[in-house]
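Biologist: I am new to this structure. Please show it to me, and then let me ask about it.

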Amino acid sequence: MRPTAAVVLALGTIAASVATAGPDAPVVSPDRPNVILVVSDDQTVESLEVEGAMPYLQSQLADPDGGWTRFPNTFATTPLCCPARATLLTGRTSAVTGVLDNSDGARLDPTQTIATQLHEAGYATALVGKYLNDYPFPGGPVLPPGWDRWVAKTNISDETVYAGYTLVVDGVPRSVGAGPWTYSTDVLAAEAAVSIASMPPDRPFFLWFSPSAPHRPWTPAPRHAGTLAGLDIPDPPAAGEADVSDKPSWVRSLPPLSAADLDTYREERRREYETLLGLDDALRTIDDALRARNAFEDTIVLFLTDNGYALGEHRWETKSCPYDVCTRVPLLVRRDGSPARTDERLVANTDIAPTISELAGLPPIGGTSGESLVPLFGGHGGDGQPTRQVRWRDAVHMEFLGEDPVVPRWRAIRTARLLFVAYETGERELYDLAGVRGPADPFQLDDRSGDPGYRDLLRKLEASLPLGDWEPLAEPAP
């Protein structure tokens, strides 16, 4: 049984109502949709295809009239939690936000986000869940500008991901202990439902819902523990990667994985999938709240995760790597009344903020490198194709410019057919994903950077990357 909002209210963990706009707040056109952005935490890209991992969402995706557009070729331009979330808030890359790794959250300018833009335009706004790593920041605002309702979960350690955590509710910290009704995904889902119910009736709203699920230690809700115990979990093709002689030095330094290691990673995947069951329930709770408000048809829902997560692929565990297992993320967009479809174009997390801006009838935030996805999922004709055609990118540029004890700084170009990586160390990698000149290698197992047959491709890709300076490409936006 999922806890209801009323139960959580009785326990005293729900915040006060949403603040209303002041007398000078601009009037938003009444035909602007509500927008909900759901950001899961470290969700592996294959999990959406695992039978039983997210049954409610999967049943919607299977409905030809369910309104969902899949974007299977979506990438995090910096595959790490804090930089990725800063990018989602602004549409700017990590080099521009200045948020290069998980210790840099305080460097984000909180006055230039999608929340401040929407709030100033008259949207009611709410954040429920994870904001940026290490929040609240010393000397910074406990309640960032642009948010009418603020229920931010602090992130102290893995031990507080699902229990024993603190919520900062409209600027006031509230400790949430351990108990049957304090599982964080459930509490945050109830908070999201309260936020939806209490939004002003005469204004569209924006809700950022970002639970910690399925972040390690991959702890499912008690009701879900063991429910996928019999699930067959095959090793991904890159699991363990026996031969890493062609890989850069940081991968070659990783120890080979034993059979016991692979067993451990299979168990972690299983627990991740069970943890996603709580997130799936949260999506149902949000939809129930939308229907109760009679707002289901008027609400656009975007679902994605902040970054991928390696569980043994290329001998690596966690994120920050340039391979698809770290950079590729699931992205779904629901617009009620649209046919279900899949768009194979290359999408980046920099596209999310411009998309939300266009939905609200606003220009992109300054400094964004992303493009609005609205023409790709909105206004489809009877054949399911966009009625407004746009030119689209043929490559996604990615980078990791932070500090990591193992992974050196890198920049990369990902096209539909190739992955090129340049490291600060001077090392290079080139993978022929689609068989441009040799066997197709979609899992990045065979580096072609030393193959004479690819030399011209490598030079062309390398010339398109700014490699002379490994500091950020730009100062953080003012």
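The questions below turn to one sheet and then to salt bridges.

Modeller: This is a predicted model, where local features need pLDDT of at least 70, side-chain atom pairs count only at pLDDT 80 or more, and totals for chains, interfaces and linings use all residues. Residues are numbered from 1 along each chain as its sequence is written, and side-chain values use heavy atoms, with hydrogens and water left out.

Biologist: Which strands are the edge strands of the open sheet in the order β16-β17-β18-β19?

Modeller: Strands here are DSSP runs (E, at least two residues), and helices are runs of H or I with at least four; both are numbered from the N terminus. Two strands pair if DSSP finds at least two bridges between them. The sheet has 4 strands, paired antiparallel. An edge strand pairs on one side only, and that describes β16 (396-400) and β19 (428-432).

Biologist: Which residue in β19 is the bridge partner of V421?

Modeller: Strand β18 spans residues 418-423 and pairs with β19 in the antiparallel sense over 5 bridges. In β19, the partner of V421 is E429.

Biologist: What angle does the direction of helix α12 make with that of β18?

Modeller: Helix α12 (residues 455-463) packs on the sheet and touches β17 (410-414), β18 and β19. Contact means heavy atoms within 4.5 Å. Axes are lines fitted to C-alpha atoms, for helices over the stretch in contact, and angles run from 0 to 180 degrees between N-to-C directions. The angle with β18 is about 60°.

Biologist: How many residues apart in sequence are the parts that R223 and D281 tie together?

Modeller: R223 and D281 form a salt bridge, meaning a side-chain nitrogen of Lys or Arg within 4 Å of a carboxyl oxygen of Asp or Glu. Their closest N and O atoms are 3.1 Å apart. R223 lies in the loop between β8 (205-210) and α7 (249-252), and D281 in helix α8 (residues 259-292), so the parts tied together are separated in sequence by 58 residues.

Biologist: Is D351 buried or exposed?

Modeller: D351 meets R393 in a salt bridge of 2.8 Å, N to O. Buried means under 20% relative accessible area, exposed over 50%, and partly exposed in between (1.4 Å probe, protein chains only). R393 is partly exposed at 23%. D351 has a relative accessible area of 0%, so D351 is buried.

Biologist: Which helix holds both D263 and R266?

Modeller: D263 and R266 form a salt bridge, with the closest N and O atoms 2.2 Å apart. The two residues are 3 apart, about one turn of the helix, and that helix is α8.
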